[in-house]
Amino acid sequence: MNYQGIFSEAITSLKEEKRYRIFADLERISGRFPYAIWRPDENIWPSNSNEREIVVWCSNDYLGMGQHEVVTNALCDTVKSMGAGAGGTRNISGTNHPLVQLEHELADLHSKEAALVFTSGYVSNEASISTIAKLLPDCLILSDELNHASMIAGVRGAGTAKKIWRHNDLEHLEDLLREAGSDRAKLIAFESVYSMDGDIAPIERIADLADKYNAMTYIDEVHAVGMYGPRGGGICERDDVMDRIDVIEGTLAKAYGVLGGYITSSKAVVDAVRSYAPGFIFTTAIPPGLAAAATASIRHLKGSSAEREGQQRQSAKTKEVLNAAGLPVMPSETHIVPVLVADPDLCKKASDMLLEKHGIYIQPINYPTVPRGTERLRITPGPFHNDALIEQLRDALLDVWQTLGIQTRGFEQDDEAVTAKKFLHHAAGG
């Protein structure tokens, strides 16, 4: 058995399919978001190996809070007073006090009785969905077809029956709920903001169906917390439906600029996950410095709307400018600005050319993250991407599109904008 050959062949296959991922060596510059220092790998960029300053256009640190002084000060002060690490799992080493404070802050953010923090958003979804479904007798999980990989992992890990409902298709969801009957335990799992297309789930109507058919609801708000709602509680807060969702999951690593994932729910649900989920029980807790930094970020964004307003303004401006230039901006209801390439090789080449020639970093998004034929550049403007940077981005994209011969406007847009679902159908040749 040639073990090493098997792994080498697996990597070769990815490269042949133009799906091999290369990480850019970036050093973000504190206080100068969205600028960073890029250090090219000489094996990949032999003719351009000198470090240079570039602009990052695809960060999930949506509001730049990872460099906000209230966050960095909380981190540094706590590390100085309590040390760097957590010391182990919460069962073995106890719960550091900043983590207790963080969970209180999160429960308050979502108007829930309790919260539980995990090491990442992936772990919080995988551990919570699988545990909740396992504890419910004969549970049927109803999962939106575009749910994140972490939610899919949780569904698989549960080992219970599952049904996949067409993305945001309430008629299909109701058919599945009706078929299951009101007496069977059911968990509806979906997201608020779908990060690759930028569309939003009809949360209130899903909650109506859950009430009608006696189902639990689990929503992933990772791309919405901090950025929507009066205090940053997400789309559920914005739409005043937090009380109608049983479990709200979120992250501390995107708009809040730190690290970690969490769930908020009733005391009973949170305690059950805390007591039964291996992904929580056997994992070292997040360090006190990160917990303090996340708490500082949440508190700041509860009281300040300036960052949210700036991000929404610059996101809308970016869409306006790129659309006016004839670039194929995919329809999006949110802060996410996807630009269609529709070819994996061209998508990677476009990303490389933007970085090497124009000093703009936008990572290519290829299959399996998105369906084949819908490869794209996913742009995430923030409050610090000013109008001049947006114009530079437009000019760079136009140059890249012309040089590589990428199609510009490849779909029709009516006055109300095309839905993401219709667009994906078109882009896939349907």
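**Exercise 1. Locate D138 and N214 in this predicted model, and describe the backbone and the exposure of each.**

Solution. Begin with D138, which is found in the loop between α5 (121-135) and β5 (140-144). The phi of D138 is near 50°, a positive value in a residue other than glycine. Such a value deserves a remark because most residues other than glycine have a negative phi. As to exposure, the cut-off to apply is a relative accessible area over 50%; D138, at 55% relative accessibility, therefore counts as exposed.

Turn next to N214, which lies in the loop between α8 (203-212) and β10. N214 is not a glycine, yet its phi is positive, at about 60°. With a relative accessible area of 52%, N214 is exposed.

**Exercise 2. Determine which residues of helix α6 are buried, what they pack against, and what follows the helix.**

Solution. Helix α6 covers residues 149-158, and its buried residues are S150, M151, A153, G154, V155 and A158. Tracing the contacts of these buried residues leads to α5 and to the strands β5, β6 (161-165), β7 (186-191) and β10. At the end of the helix, α6 is followed by G159, whose phi is positive, near 75°.

**Exercise 3. Decide whether strand β11 is enclosed or open to its surroundings, and identify the strands with which β11 pairs.**

Solution. First take the burial of the strand residue by residue. On one side of β11 stand V247, E249 and T251, on the other I248 and G250, and all of them are buried, so that both faces of the strand are covered. Since five of the five residues of β11 (residues 247-251) are buried, the strand is largely enclosed by the rest of the structure.

Next consider the pairing. Strand β10 (residues 216-220) pairs with β11 in the parallel sense, over three bridges, and one of the bridge pairs sets D220 against E249 in β11. Strand β12 (residues 261-265) runs antiparallel to β11 and is joined to it by four bridges; here G250 has Y262 in β12 as its bridge partner.

Finally, put the two steps together at single residues: E249 is buried and is the bridge partner of D220, while G250 is buried on the other side of the strand and is the bridge partner of Y262.

**Exercise 4. Work out the strand order of the open sheet that contains β2 and β3, and name its edge strands.**

Solution. Start with the pair formed by β2 (residues 35-38) and β3 (residues 52-56), which run antiparallel and are joined by four bridges. Within this pair, W38 has R52 in β3 as its bridge partner. Then follow β3 to strand β14 (residues 360-361), to which β3 is joined by two bridges in the parallel sense, with V56 standing opposite Y361. The complete order is β1-β2-β3-β14, an open sheet of four strands with mixed pairing. The edge strands are β1 and β14, each of which pairs on one side only.

**Exercise 5. Place the cis peptide bonds at P34 and P368 relative to the neighbouring strands.**

Solution. The bond between F33 and P34 is cis, with an omega of about 15°, and P34 is found in the loop between β1 (26-28) and β2. The bond between Y367 and P368 is likewise cis, with an omega of about 10°, and P368 lies in the loop between β15 (364-365) and β16 (376-379). These bonds merit attention because most peptide bonds are trans.

**Exercise 6. Characterise the chain as a whole by its secondary structure, dimensions, burial, contacts and charges.**

Solution. The secondary structure comes to 16 helices and 16 strands. The radius of gyration is 22 Å, close to the 22 Å that the globule rule gives for 430 residues, so the chain is as compact as a globular protein of that length. Along the principal axes, the C-alpha atoms fill a box of roughly 60 × 60 × 55 Å.

Of the 430 residues, 53% count as buried, and carbon and sulfur atoms hold 49% of an accessible surface of about 19200 Å². Among contacts with a separation of 6 or more, 71% are between residues 24 or more positions apart. As a last step, the chain has 43 positive and 58 negative charges, and their mean positions are 2 Å apart.

Note on methods. Residues are numbered from 1 along each chain as its sequence is written. This is a predicted model: local features need pLDDT of at least 70, side-chain atom pairs count only at pLDDT 80 or more; totals for chains, interfaces and linings use all residues. Side-chain values use heavy atoms; hydrogens and water are left out. Buried means under 20% relative accessible area, exposed over 50%, partly exposed in between (1.4 Å probe, protein chains only). Two strands pair if DSSP finds at least two bridges between them. The radius of gyration is taken over C-alpha atoms; the globule rule is 2.2 Å times the number of residues to the power 0.38. Contact means heavy atoms within 4.5 Å. Accessible areas come from the Shrake-Rupley method with a 1.4 Å probe; for residues, only the protein chains shown count as cover. Lys and Arg count as positive and Asp and Glu as negative; His and the chain ends are not counted. The place of a charge is taken as NZ of Lys, CZ of Arg, CG of Asp or CD of Glu.
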